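Got your viewer open? Keep the selection box handy, and take the stops one at a time.

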Amino acid sequence: MVNPSEMVQTLRNSFNSGKTKPVEYRLKQLKALLRLYEENTNEMLQALATDLHKSKQEAVTMETQYLINDLKNTISNLKNWVKPERPPKEFVNLLDSLYVYNDPYGVVLVMGAWNYPIQLTLLPVAGAIAAGNCVVIKPSEIAVASAKFIAEKIPKYLDSDCYQVFEGGIPETTQLLREKFDYIFYTGSTSVGQIVHAAANKNLTPVTLELGGKSPVYLDKTANLKVATKRIIWGKCVNAGQTCVAPDYLICTKDVRDKFVECAGQVLRDFYGDDPKQSPDLGRIVSDRQFQRLVGLLQNHKPAVGGRFDAAERYMEPTILTDVKRDDKVMQEEVFGPILPIVTVNDAYEAVKFINSREKPLVSYIFSNNKKDVQLLIDNTSSGGVLVNDTIMHMATDMPFGGVGLSGMGSYHAKYTFDTFSHKKSCLYKDLGFIGETLGSARYPPYSEGKLKLLNLLLKKWPGFNWKVCLVHTFIFTIGFVTALGYKHVMENKDELFKQ
């Protein structure tokens, strides 16, 4: 096994040399990473099929092509992203220059997850490279084939002085977390996220934790039931339910529940046929441990739909539970599989109360055409994100993605990934000229009431007031006023001037 201390020190030496700072170097590495994706797509698809029985369509749209699209966007925009920002000035800084620089943190650790083992590992890695960091890449050991792919390919495409893969299970990861990193990015369960956070806290290392939680779906009678059911079932069954933003449980009234269950049975037959086990489009549970955990969630329940499973194949049939009590085990932990429990309420107000009685989820889904109730849920619940009348599709946008509370902290995607791995360093260039020093001299002792009044005037905030526009208008007015005075002087003395 690679010594983690030696690995981190190698990367720190490279970072301290300034090697990763030039934007052209970063672009070279990002383009090499893009070649890795494009030249090895079939191998990635094979690894995903081996680990999760992932269909080609799910693997392409949610992993390989997703990575390619995100990376091309980063490459196209990086030169603009790295430019210092110019924040607005107040009156006291009119003669000064203000900048916010995007500084790399240094040596960062990216810990991937097993459910989307390539995408969730390499997408944040690309952002860390773009921001100018050196990176330790830790793929999940549970997705064995995908971890092997990453470990074999990364050294062939990226600079090993700056980017290295660290493999291993719990003991090795525990040892790795003893090292001092400048930033840690972790995707996975809340329980492990707490361990990562505790390890980072010893060095006050900033973290992004992309976790999960029980993401609720609210469905009412105003929604198009057939369309809503297809979108909910798809979101629950994609990757066999092993998605951090999968709908975790459904909240609805009893009459809507009964209609949903009937419609869901037909939708599942349309999606996967009479025997979903034979469908090439339904994935498998990643490990025996995860499979047995899901089987345990079914105990003491009589499924309204589905319920069959096969330990030999780690196959879990898409299952709907209606006999759910609010303190059942299936309602106490994130399901992370193709099991959908349904909780009944009387109205949207009761739904809000139920959601708020639990930990904050990664996402809340709302299926309704009642604008008042939609806004009620948005305004009165807290979650990492909200999606109205669909599931999972917010992941296809460039909006920030992340959790809140036990569902995580920090966010990423598109430019937000670059920002996550960039320290925002403020820089003020003060004017040393006569005017600037004259105005600033009021801060020096000996103090007086006059100096205090001048400081209060200089430091006063003027919300909405644009000093640049004011100065331009003042300059134009001054030029106009001087010109007018000159014209008046000429007209009043034209006879004398003409004689001369």
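## Stop one: a pair of helices

Start by selecting helix α4 (residues 56-81) together with α5: the two pack at an angle of about 10 degrees, and their axes are 10 Å apart. With an angle under 35 degrees, α4 counts as roughly parallel to α5. Keep in mind as you look around that this is a predicted model.

Now show the side chains where the two helices meet. On the α4 side you'll find M62, E63, Y66, L67, D70, L71, T74 and L78. Facing them from α5 are Q119, L122, L123, A126 and A130.

## Stop two: the sheet beside α5

Stay with α5 (residues 119-130), and bring in the strands. This helix packs on a sheet, where it touches β2 (107-111), β3, β4 and β5 (183-187). Compare directions: α5 makes about 175 degrees with β3.

Select the whole sheet next. It is an open one with six strands, and you can read them off in the order β4-β3-β2-β5-β6-β15, with mixed pairing. Which strands stand at the edges? They are β4 (163-165) and β15 (408-409); each has a single partner strand, so one side of each has no neighbour in the sheet.

Zoom in on the β4 edge. Strand β3 (residues 134-138) runs parallel to β4, and three bridges join them. To see one facing pair, pick V136, which stands opposite Q164 in β4.

Then add helix α6 (residues 144-157), which lies across β3 and β4 and runs at about 155 degrees to β4.

## Stop three: what sits against α6

Keep α6 on screen and add helix α3 (residues 41-52). These two pack at an angle of about 150 degrees, with 7 Å between their axes. An angle over 145 degrees counts as roughly antiparallel, so that is how α3 lies relative to α6. The residues making the contact are E43, M44, A47, L48, T50 and D51 from α3, along with V144, A145, S146, F149 and K153 from α6.

## Stop four: strand β6 and its neighbour

Go back to the sheet and select β5 and β6. Four bridges join this parallel pair, and I184 stands opposite V207 in β6.

Show the side chains of β6 and look along the strand. In a regular strand, side chains alternate between the two faces of the sheet. Here V207 and L209 point one way, T208 and E210 point the other, and all of them are buried.

## Stop five: the two annotated residues

Select E210 and C244. An unreviewed UniProt entry lists both under "active site". They are spread over 35 residues of sequence, yet they cluster in space, with a largest C-alpha distance of 8.8 Å. Of these residues, C244 is included in the lining of the second largest pocket.

Take E210 on its own. You'll find it in strand β6 (residues 207-210). Is E210 buried or exposed? Its relative accessibility is 3%, so E210 counts as buried. Leaving aside residues up to four places away in sequence, E210 touches F185, Y186, T187, G188, F401, G402, G403, S407, G410, S411 and Y412.

Now click C244, in the loop between α9 (225-237) and β8 (249-252). C244 is buried too, at a relative accessible area of 14%. With the same sequence neighbours left out, C244 touches N115, L211, G212, S215, E334, F336, L362 and F401.

## Stop six: another sheet

Select β11, β12, β8, β7, β13 and β14. These six strands form an open sheet, in the order β11-β12-β8-β7-β13-β14, and the pairing is parallel. At its edges stand β11 (319-321) and β14 (386-388), each with a single partner strand, so each has one side without a neighbour in the sheet. On average, and ignoring direction, neighbouring strands here are turned by 20 degrees against each other.

For a closer look, choose β7 (residues 216-219) and β13 (residues 364-367), a parallel pair joined by three bridges. V217 stands opposite Y365 in β13. Then switch on helix α12 (residues 348-356), which lies across β7, β8 and β12 (339-344) and runs at about 145 degrees to β8.

## Last stop: K415

Finish with K415 in helix α14 (residues 415-420). At 30% relative accessibility, K415 counts as partly exposed. Select N73 as well: its C-alpha atom is separated from that of K415 by 8.8 Å, although the two residues are 342 residues apart along the chain.

Notes:
Residues are numbered from 1 along each chain as its sequence is written. This is a predicted model: local features need pLDDT of at least 70, side-chain atom pairs count only at pLDDT 80 or more; totals for chains, interfaces and linings use all residues. Side-chain values use heavy atoms; hydrogens and water are left out. UniProt positions are given in the numbering used here, feature names are shortened, and annotations may be inferred rather than shown by experiment. On a 1 Å grid over the protein atoms alone, a cavity is a set of points where a 1.4 Å probe fits but cannot get out, and a pocket is an open set with protein on both sides within 12 Å along at least five of seven lines; lining residues have an atom within 4 Å of a point. Buried means under 20% relative accessible area, exposed over 50%, partly exposed in between (1.4 Å probe, protein chains only). Contact means heavy atoms within 4.5 Å. Two strands pair if DSSP finds at least two bridges between them. Axes are lines fitted to C-alpha atoms, for helices over the stretch in contact, and angles run from 0 to 180 degrees between N-to-C directions. Angles under 35 degrees count as roughly parallel, over 145 as roughly antiparallel, 65 to 115 as roughly perpendicular and the rest as oblique.
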